[in-house]
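Take a look at the model below. The text after it goes from the pairing of the chains to the domains, and then to some details of the backbone.

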2 protein chains.
Amino acid sequence: MKIYNFAFGPYPQRVNIYLAEKSPPNVERVIFDAPDKQAGVPPASIKALTPTGAMPILRDEDGAIIGQSLAILEYLESKVSGPDMLGATPAAKARTREFVQVFDEALTFFGLWARHGSDLGRDTVRISLDVAAICAARYFDQLRLIEKMMSQSDFITGDRVTIADCVAMATLQYAADFYDVPVPDDCQRLARWCAEFRQRPSAASPRYPEDKRAIALGLMAQTGVGF
Amino acid sequence: MKIYNFAFGPYPQRVNIYLAEKSPPNVERVIFDAPDKQAGVPPASIKALTPTGAMPILRDEDGAIIGQSLAILEYLESKVSGPDMLGATPAAKARTREFVQVFDEALTFFGLWARHGSDLGRDTVRISLDVAAICAARYFDQLRLIEKMMSQSDFITGDRVTIADCVAMATLQYAADFYDVPVPDDCQRLARWCAEFRQRPSAASPRYPEDKRAIALGLMAQTGVGF
């Protein structure tokens with residue numbers, strides 16, 4: 001099967017980190033740089049595969065096409081070989097999915113904050129310090145909830161890597177590297193996990209478009225948000 | 001196993017609708033009315049089961065406790081008997097999960113709009129017409145995406161009920177019944193599905209607290225939002 005994806009961004013990066021951890025032998029990766037309409041990146045034929053045209057997109061030989069990152073991760077878990085990254089029992093799977101969903105909602109809050117708060121959106125969307133303040137608070141609240149849900153283990157859900165680690169790292173890495181938004185001081189377990197998981201080859205920083213990153217960096221100061 | 005839940009609300013109602021469709025023989029339901037701190041509803045001992053204390057909460061005999069609605073639905077699919085409501089193949093499961101995730105994000109947008117826009121939140125949260133306008137637009141965009149993803153089938157993902165129908169109905173029913181926010185006119189498939197699924201016993205309207213509903217109704221007019 002084939003995965004069409006971007007080289008960076010929080011939703012694409014979940015899948016990039018997952019594939020780096022899982023190393024499935026039968027998944028071909030087609031990675032695009034940052035979107036560029038004029039240059040035809042990604043190509044219209046790829047974007048036409050799904051209603052949103054958003055990466056990641058998975059296309060299987062049997063015709064199945066999946067255009068949503070969490071559905072792709074679950075599909076890969078059921079179809080490709082490599083370490084189990086969901087959990088061995090229904091209860092372990094449930095714990096992984098709990099974390100995944102809380103991080104996914106955190107990212108929705110972060111996305112609203114970044115999109116409608118950062119100078120990056122100034123020409124394309126409505127800028128709102130209200131949205132920034134309210135969604136930043138909700139984002140940090142989600143991280144504090146994660147902090148409470150975590151045990152003292154090495155990884156997010158326990159003693160091995162799961163898709164929860166992939167979703168968590170993609171989110172926190174994007175917030176930190178592209179917008180300079182760190183894990184709050186009162187989330188010590190999460191911060192320690194983040195620092196340690198960062199050392200893994202799967203979590204190597206992707207190459208961001210530096211012109212955009214220069215505008216994005218400092219989101220907290222730009223929007224007057226503190227912890 | 002036991003499920004502790006509220007009688008209404010978009011996240012609890014996903015599970016209520018699911019249980020009504022699935023009819024598992026071995027799941028005991030403990031249903032609470034609207035939360036009431038003074039009256040001790042839900043009881044502190046139940047809320048203490050999870051870090052958020054939010055319903056739904058599933059507690060299995062073997063000690064597993066799950067506090068997130070989508071993780072609960074996946075867990076039930078793997079543990080209880082009844083009609084398959086996820087999909088028979090990895091591709092069918094992926095299609096169900098795609099819809100579930102898009103609806104789940106839609107509900108996050110709707111929740112921000114309702115919470116920070118409605119008069120209901122006036123004494124407890126920051127009211128913001130910016131948040132209302134931006135998140136209402138994102139909510140309707142998600143429904144328009146769903147409309148594009150749907151085929152002409154009887155149910156959200158195809159020819160049978162899945163957890164996508166439960167998540168969809170819980171969201172649209174809450175928006176319509178509690179806040180008077182309908183499906184947009186340009187989402188005809190979704191509107192038709194909604195009208196038909198409403199006829200099922202599983203989708204019977206729950207009893208809402210009428211004092212709160214009286215304040216919530218008319219969210220679009222309250223926040224100056226149109227389609």
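**How the two chains meet**

Every interface residue of chain A, 100% of them, is also an interface residue in chain B, so the copies meet through the same surface. Keep in mind that this is a predicted model. The contact draws 40 residues from chain A and 40 residues from chain B.

Now the symmetry. Two copies of a chain are related by a rotation about an axis and a shift along it. Here the rotation that superposes chain A on chain B is 180 degrees, and the shift along its axis is 0.0 Å. The RMSD of that superposition is 0.0 Å. That is the relation of a two-fold axis. Which C-alpha of chain A is nearest the axis? It belongs to Val131(A) and lies 2.7 Å from the axis.

Next, the extent of the contact. Chain A and chain B bury about 3100 Å² between them. Carbon and sulfur atoms give 66% of that area. There is a polar side as well. Four salt bridges are counted between chain A and chain B. Arg126(A) forms a salt bridge with Asp130(B), and their closest N and O atoms are 2.7 Å apart. The count of residue pairs in polar contact between the two chains is six, with both residues at pLDDT 80 or more.

Which elements of chain A supply the side that touches chain B? Strand 4 (65-66), helix 3 (69-79), helix 4 (90-117) and helix 5 (129-149) each supply at least two residues. Helix 4 of chain A has the largest share, with 13 residues. By residue class, this side of chain A divides into 21 nonpolar, eight polar and 11 charged residues.

**Inside chain A**

Turn from the pair to the single chain. Chain A is divided into domain 1 (2-79) and domain 2 (90-223). The C-alpha centres of these two domains of chain A lie 20 Å apart. Their contact takes 16 residues from domain 1 and 22 residues from domain 2.

How much area is buried between domain 1 and domain 2 of chain A? The value is about 1700 Å², and carbon and sulfur atoms give 66% of it. Three salt bridges are found across this domain interface of chain A. Look also at Glu74(A) and Arg97(A), whose side chains meet in a salt bridge with an N to O distance of 2.7 Å. Five residue pairs are in polar contact across the interface of domain 1 and domain 2 of chain A, both residues at pLDDT 80 or more.

On the domain 1 side of chain A, the elements that give two or more residues to the contact with domain 2 are helix 1 (10-22) and helix 3. Helix 1 of chain A gives the most, with eight residues. The domain 1 side that touches domain 2 of chain A divides into 10 nonpolar, two polar and four charged residues.

Helix 3 of chain A therefore appears in both settings: it supplies at least two residues of the side that touches chain B, and it gives two or more to the side of domain 1 that touches domain 2.

**Backbone details in the loops**

Most residues other than glycine have a negative phi, and most peptide bonds are trans. Some places in this model depart from that pattern.

Start with the peptide bonds. Met55(A) and Pro56(A) are joined by a cis peptide bond, with omega about 0 degrees. Pro56(A) sits in the loop between helix 2 (44-47) and strand 3 (57-59) of chain A. In chain B, a cis peptide bond joins Val41(B) and Pro42(B), with omega about -10 degrees. Pro42(B) lies in the loop between strand 2 (28-32) and helix 2 (44-47) of chain B.

Then phi. Where does Ser23(A) lie? Its place is the loop between helix 1 and strand 2 (28-32) of chain A. Phi of Ser23(A) is near 50 degrees, a positive value in a residue other than glycine. Asp180(A) also has a positive phi, near 60 degrees. Asp180(A) is in the loop between helix 6 (163-179) and helix 7 (188-197) of chain A.

Technical notes:
Residues are numbered from 1 along each chain as its sequence is written. Chains are lettered from A and ligands numbered from 1 in the order in which they are written. This is a predicted model: local features need pLDDT of at least 70, side-chain atom pairs count only at pLDDT 80 or more; totals for chains, interfaces and linings use all residues. Side-chain values use heavy atoms; hydrogens and water are left out. Copies are superposed by least squares on the C-alpha atoms of residues with pLDDT of at least 70 in both. Contact means heavy atoms within 4.5 Å. Buried area is the accessible area (1.4 Å probe) that two parts lose on being put together, summed over both. A polar contact is a pair of N or O atoms within 3.5 Å; within protein, one must be able to donate a hydrogen and the other to accept it, and residues adjacent in sequence count only if both atoms are side-chain atoms. Helices (H or I, at least four residues) and strands (E, at least two) are DSSP runs, numbered from the N terminus. Ala, Val, Leu, Ile, Met, Phe, Trp, Tyr, Cys and Pro count as nonpolar, Asp, Glu, Lys and Arg as charged, and the others, Gly among them, as polar. Domain bounds come from an automatic or database domain assignment.
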